[in-house]
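User: Hello! I have a model open on my screen and would like to talk it through with you.

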Amino acid sequence: MSGLVTIDTAPVAARSDRGADDKEVAVKPPPFQYAAPTSVAEAVELLGAHADDDARALAGGQSLVPLMNFRLAQPAYLIDLRRIEELTRIRTEGDTLVIGAMVRQSHAEHAPEVALGAPLLAEALGYVAHPPIRNSGTVGGSIAHADPAAELPAVVLALDAELVLAGLGGTRTVAAADFFTGPFSTAIGSGEILTEVRIPRRAGGHAFVEFARTHGNFALVGVAAVVELDGGTVARASIALSGVAPVPVRATAAEEALTGTVPDDASIRAAVDAAVAGLSPAGDVHGGTETRTDIARSYLRRGIELALSRAGDRR
Amino acid sequence: MPRHEVTLTVNGRTSTVSVEPRKLLVDVLREDLGLTGTHVGCEHGVCGTCTVLRDGESIRSCTTFAVQVDGAEIRTVEGLAKGAELHPLQDEFWDKQGLQCGYCTPGMLMRACEIIEGNPDVTHDQVREGIASNLCRCTGYQFITEAVCAAAARMKADSAETTGAQA
C-alpha cells in the first residue's frame, strides 16, 4: 500500500465520527455494519440485501483493512466470511486441487496437498508479503483483490485454474483467463463471492520468481512458469507475468516459442524476446518502462531456466 | 452503528468488550483493555510494531478488526514476562542491546516468540529472514538477530533440563 496513497483527512474525519463515548478516540476506519454468517447461502443473501450499502465480503482483510484505515474504501456493510467452514478447506478431487477461498495463505503454503498438487502456488505464497500477513491473508482474498503486482493472480493464470463464484442464483465457474478484467477488477459480479479455486494438477517443472525492492514488498515483476518435457523436448509451457500490465498476463508467444524445442540458450532467449515484445509496463518512481521490461526479461529467463531444471531431463 | 460483543482471551485472561465493528484489535488492546505495550505504527500492516499472536500465530493487530478475532486467544508483549522474571527473549534483548528507541520492540518480540517457539533449532539466517516482517530503524537488526538466537538456545537448554529432570 505504501507509496500509493496520500493521507490528508484521516485525523479530522476520525474526530468528526467520534461518538458520545469518550473511549472512542482516533478510530481510523469509517463506520460500517458487520455480519459473520456461517454459510455461503447466508453470505450471498446478506450481500444482496445490502447491495445499496456497497456491501463487501471480508476475507483476511490484509488489503481491505489498510484501504479502510486510509478511508480509500468505505463500505457501509462488511460480510466476514471467516465462519463459513466449507471455505476453509483444501481437498483433492481426482487431478484437481480445490482450495477454499478462505484458506489462509500460510496454511496453503505449508499444506502437503498444495506441495503435491500445485507446487508453483506453494512457492509463490512464500513471496506474498511476510508471514504475519500470510497468517491472516487468504488465497481467495488475494485473487479477488486482483492487485496487478500480486503473486497469486499470475499463478492461477499460469495454471489454468478455475474460480468458482457463488451468487443468489447458484454457482458459476470462470476460467482464470477470463477472471481478471482490470486493476483490482474481476469477473465477480455484484452479489457474488469467490468460494473456491480449482487448480488442475500439472506435470513438469515449476518456478515462481520475482523482483521486489526488498523481500516482502510489492514486486515490480513476477514470473510464474510451468514447463513439461518429453524426452528432452518441451511438450507444454505455461508462463504468466505479474506487475507488467493492469492485469496478470499470459506470455502466450513465449510458450509457443518454447514448445517443440529442445531448450537451449537460443530457444530460451527467443522465448524471452517473444514474451517482452508485447509488453509496455507502466513506469513509476520504482522503475520506468524500460527498466521494468529489462527486469521482466531477466526474470523470465530465470523462471524458465529454473522450471526447466526442475522438469528434469533438460537437453 | 450497532456494537458487537467481542470475547478475547488476552495473555490467559478472558474479557468481553462491546465495540463498534470498525474498532481495530490494536485499539481494543490499548484503549479497552489498557494493554499499551502493543504499539501502533504505520497502521497499514507494513512496520510490524503492532504484531501480536492470535492462537499462536503472528498477526498485525492494526489491520485486524477486533470482531474478526472474536473467541481467539491473543498474546501480547505483556504476556511474556512471568511476574518480575523476564522472558528469555526480553532478557537477551536487554543483554545484547536488541533495541534502542524501543518502538519496534513489542512487535519484534512477539514475532521472535513465534519464530523460536515454532523452531527451537532456528538458525541465524532463519531469524534474519523471519524478522524481515518487522521494521527497526535503530539497531540495524544485527543485535536483534543475536538476541533471538541466544534466547532460542537458552530456551532449548532450559526445556532439555526440564525434560531431563522429569525423566
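User: Which domains does the domain assignment of chain B give?

Analyst: Happy to help! This is a predicted model, where local features need pLDDT of at least 70 and side-chain atom pairs count only at pLDDT 80 or more, while totals for chains, interfaces and linings use all residues. Residues are numbered from 1 along each chain as its sequence is written, and chains are lettered from A and ligands numbered from 1 in the order in which they are written. The bounds come from an automatic or database domain assignment, and for chain B they are domain 1 (4–79) and domain 2 (88–162).

User: What distance separates the centres of domain 1 of chain B and domain 2 of chain B?

Analyst: The centres are taken over C-alpha atoms. Between domain 1 and domain 2 of chain B, that gives 22 Å.

User: Which element gives the most to the side of domain 1 of chain B that touches domain 2 of chain B?

Analyst: Two residues are in contact if their C-beta atoms, placed from the backbone, lie within 7 Å. By that rule, 14 residues of domain 1 of chain B are in contact with 12 residues of domain 2 of chain B. On the domain 1 side, β3 (51–54) and β4 of chain B each supply at least two residues. The element that gives the most, with three residues, is β3(B).

User: Is B:G71 buried or exposed?

Analyst: B:G71 lies in the loop between β4 (57–60) and β5 (73–75) of chain B; strands here are DSSP runs (E, at least two residues), and helices are runs of H or I with at least four, numbered from the N terminus. A residue is buried if 20 or more other C-beta atoms, placed from the backbone, lie within 10 Å of its own, exposed if 12 or fewer, and partly exposed in between. Because B:G71 has 10 other C-beta atoms within 10 Å, it is exposed.

User: What is the radius of gyration of chain A?

Analyst: Chain A holds 13 helices and 14 strands. The globule rule, 2.2 Å times the number of residues to the power 0.38, gives 20 Å for 315 residues, so chain A is as compact as a globular protein of that length. Taken over C-alpha atoms, its radius of gyration is 21 Å.

User: How many residues does the contact take from chain A and from chain B?

Analyst: On the side of chain A that touches chain B, β1 (33–35), α3 (64–69), β3 (77–80) and α7 (131–134) each supply at least two residues. The contact takes 29 residues from chain A and 28 residues from chain B.
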